[in-house]
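Trainee: I have not seen this structure before. Can you walk me through the labels people put on it?

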Amino acid sequence: MKILQINAVGQAMSTGRTCLEFQTFVNEQTTHECRTAFAQGCENQFSVRIGNPVDWKLHGLLSRLSGRQAHFSRLATRKLLRYMECYSPDVVLLHNLHGNYVNLPLLLRHLANNNIATIIILDDCWFYTGKCTHYTVTGCYRWETGCHDCPRLKMDNPSWFFDATGRLWQEKKSLFEAIPRLAVVGVSDWITGEARRSYLVCAKEICRIYNWIDLETFSPQKEAVPLRKKYGVAGKKVVLGVASGWSRAKGLECFLEISRRLNDMYQIVLIGQMPEGIGLPENILNIPPINSAQELAWWYNAADVFVTASLEESFGKVSAEALACGTPVVCFDSTANREIVGNACGRCIPPGNVALMVDAIYDICRQKTGCQAEICRSFAEKNFNKQARINEFLELCNRLLKS
């Protein structure tokens with residue numbers, strides 16, 4: 001079986017690492033073959049790049065001017081389709097397609113016309129909305145019947161002038177309904193349930209397969225201890241947050257409020273790109289984005305508690321990675337957060353209640369024991385095992401090919 005993955009990034013960030021881990025596992029531990037097509041990231045012998053920086057920037061500009069996301073990059077997409085004709089994949093896995101690098105109608109028509117088994121991975125909500133990657137904070141559920149008058153027009157992938165969401169929603173619906181062998185994978189029970197209320201119900205199969213964690217890399221490790229001394233946080237209770245880029249959506253304002261409420265014995269460490277010009281208090285240490293999974297695992301181990309203040313998570317891979325390292329998680333009880341954290345692995349707080357979140361941080365740091373770390377690790381091993389989850393994907397591929 002020949003598999004092709006398509007994603008915005010390769011070998012970096014959450015979805016890029018997932019694609020690389022899947023590709024490596026399939027090529028090294030099975031009789032199947034897997035390649036990855038992506039826009040930005042590092043190439044290897046099993047990958048192909050889509051487009052170039054000039055094309056990506058032009059695509060992004062035209063998308064903002066017209067409101068028509070994923071409708072440009074025609075030359076880059078035709079080159080991808082020629083590559084697909086040569087490689088002749090049996091199954092295509094679609095990850096993030098809204099990164100201004102691929103022409104969605106051209107790609108989906110090719111999959112439909114050639115009857116290629118296709119699996120959509122719902123890393124966010126974009127595949128079943130007109131344009132939005134999330135919508136729960138806004139409280140907009142027009143996607144269930146047809147998008148229009150979008151309240152998030154200037155958010156996610158923004159449109160500066162025109163609301164084309166109705167047209168985009170209808171077009172996506174028609175394109176996906178035309179693919180004979182289509183399956184949909186939600187990375188949590190929450191987003192899988194949402195998809196079942198959308199036009200993606202046309203798929204032959206909709207199922208949940210959790211994202212996996214590299215449990216060898218993300219594991220309890222003594223090597224993390226020197227990090228505290230290196231960054232001057234030895235003797236402090238470390239409260240960790242991780243994001244590719246910090247913003248209001250990722251809970252930056254919440255962390256600023258938490259920093260005002262914690263006493264001097266606590267140090268917040270935020271890993272990820274920080275907005276320009278923002279002033280951070282002394283008890284918040286910002287570490288630039290870390291692409292090394294091993295270094296990231298050391299930070300999870302160095303922390304006393306991991307906090308995610310995001311209200312919209314399709315999965316929450318950073319939370320799962322923290323649990324795999326034995327670090328309890330405090331999160332808001334919204335979208336997929338509760339099911340990823342699990343019982344006895346931390347605390348789920350009513351959305352937006354910073355005071356209760358601070359109380360939970362204090363409680364966990366006072367009560368953290370080796371037993372609690374073992375519970376977190378056990379939960380991660382049970383739910384986010386890489387081999388088990390990838391085998392579920394391969395079984396789904398086989399079912400689609402036989403259909």
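Mentor: Start with the largest cavity, which holds about 110 Å³ of space. Keep in mind that this is a predicted model.

Trainee: What makes that space a cavity, and not a pocket?

Mentor: The way out decides. A cavity is a set of points where a 1.4 Å probe fits but cannot get out, whereas a pocket is an open set. The search of the whole structure finds five cavities of 30 Å³ or more.

Trainee: Which residues lie nearest the centre of the largest cavity?

Mentor: Thr129, Cys132, Cys140, Cys147 and Cys150 do, out of 13 lining residues. By class, that lining has seven nonpolar, four polar and two charged residues.

Trainee: What volume does the second largest cavity have?

Mentor: About 60 Å³. Its lining has three nonpolar, seven polar and no charged residues.

Trainee: How do you know that no charged residue lines the second largest cavity?

Mentor: Check the list against the classes. Asp, Glu, Lys and Arg count as charged. The lining is Gly10, Gln11, Gly16, Cys19, Leu20, Gln23, Thr36, Phe38, Asn44 and Ser47. The charged class is therefore empty here.

Trainee: Which elements give two or more residues to that lining?

Mentor: Helix H1 (13-29) and strand S2 (33-41). H1 gives the largest share, four residues.

Trainee: H1 also meets helix H14. Why is H1 called roughly perpendicular to H14?

Mentor: Look at the angle. The axes of H1 and H14 (residues 386-402) cross at roughly 80° and come within 11 Å. Angles of 65 to 115 degrees count as roughly perpendicular, so H1 is roughly perpendicular to H14.

Trainee: Which residues meet there?

Mentor: From H1, Glu21, Phe22, Phe25 and Val26. From H14, Lys386, Gln387, Ile390, Asn391, Phe393 and Leu394. They divide into six nonpolar, two polar and two charged.

Trainee: Next pair. What makes helices H3 and H4 roughly parallel?

Mentor: H3 (residues 74-87) and H4 (residues 104-113) pack at an angle of about 25°, with axes 9 Å apart. Angles under 35 degrees count as roughly parallel, so H3 and H4 earn that label. Their crossing is right-handed.

Trainee: What residues bring H3 and H4 together?

Mentor: Arg74, Thr77, Arg78, Leu80, Leu81, Met84 and Glu85 of H3 meet Leu106, Leu107, His110 and Leu111 of H4. By class, the contact has six nonpolar, two polar and three charged residues.

Trainee: Last pair. Why are H8 and H12 called oblique to each other?

Mentor: The axes of H8 (residues 252-261) and H12 (residues 354-367) cross at roughly 60° and come within 10 Å. Roughly parallel needs an angle under 35 degrees, and roughly perpendicular starts at 65. The angle fits neither range, so H8 and H12 are oblique.

Trainee: Is the crossing of H8 and H12 left-handed or right-handed?

Mentor: Right-handed. Cys254, Glu257, Ile258 and Arg261 of H8 make the contact with Val354, Ala355, Met357, Val358, Ile361 and Tyr362 of H12.

Trainee: How do you know that two residues of this contact are charged?

Mentor: Glu and Arg count as charged, and H8 brings Glu257 and Arg261. The full division is eight nonpolar, no polar and two charged.

Note on methods: Residues are numbered from 1 along each chain as its sequence is written. This is a predicted model: local features need pLDDT of at least 70, side-chain atom pairs count only at pLDDT 80 or more; totals for chains, interfaces and linings use all residues. Side-chain values use heavy atoms; hydrogens and water are left out. Axes are lines fitted to C-alpha atoms, for helices over the stretch in contact, and angles run from 0 to 180 degrees between N-to-C directions. Angles under 35 degrees count as roughly parallel, over 145 as roughly antiparallel, 65 to 115 as roughly perpendicular and the rest as oblique. A crossing is left-handed if the near helix is turned anticlockwise from the far one by less than a right angle, and right-handed if clockwise. Contact means heavy atoms within 4.5 Å. On a 1 Å grid over the protein atoms alone, a cavity is a set of points where a 1.4 Å probe fits but cannot get out, and a pocket is an open set with protein on both sides within 12 Å along at least five of seven lines; lining residues have an atom within 4 Å of a point. Grid points are joined across faces, edges and corners, and a volume is the space filled by probe spheres set on the points.
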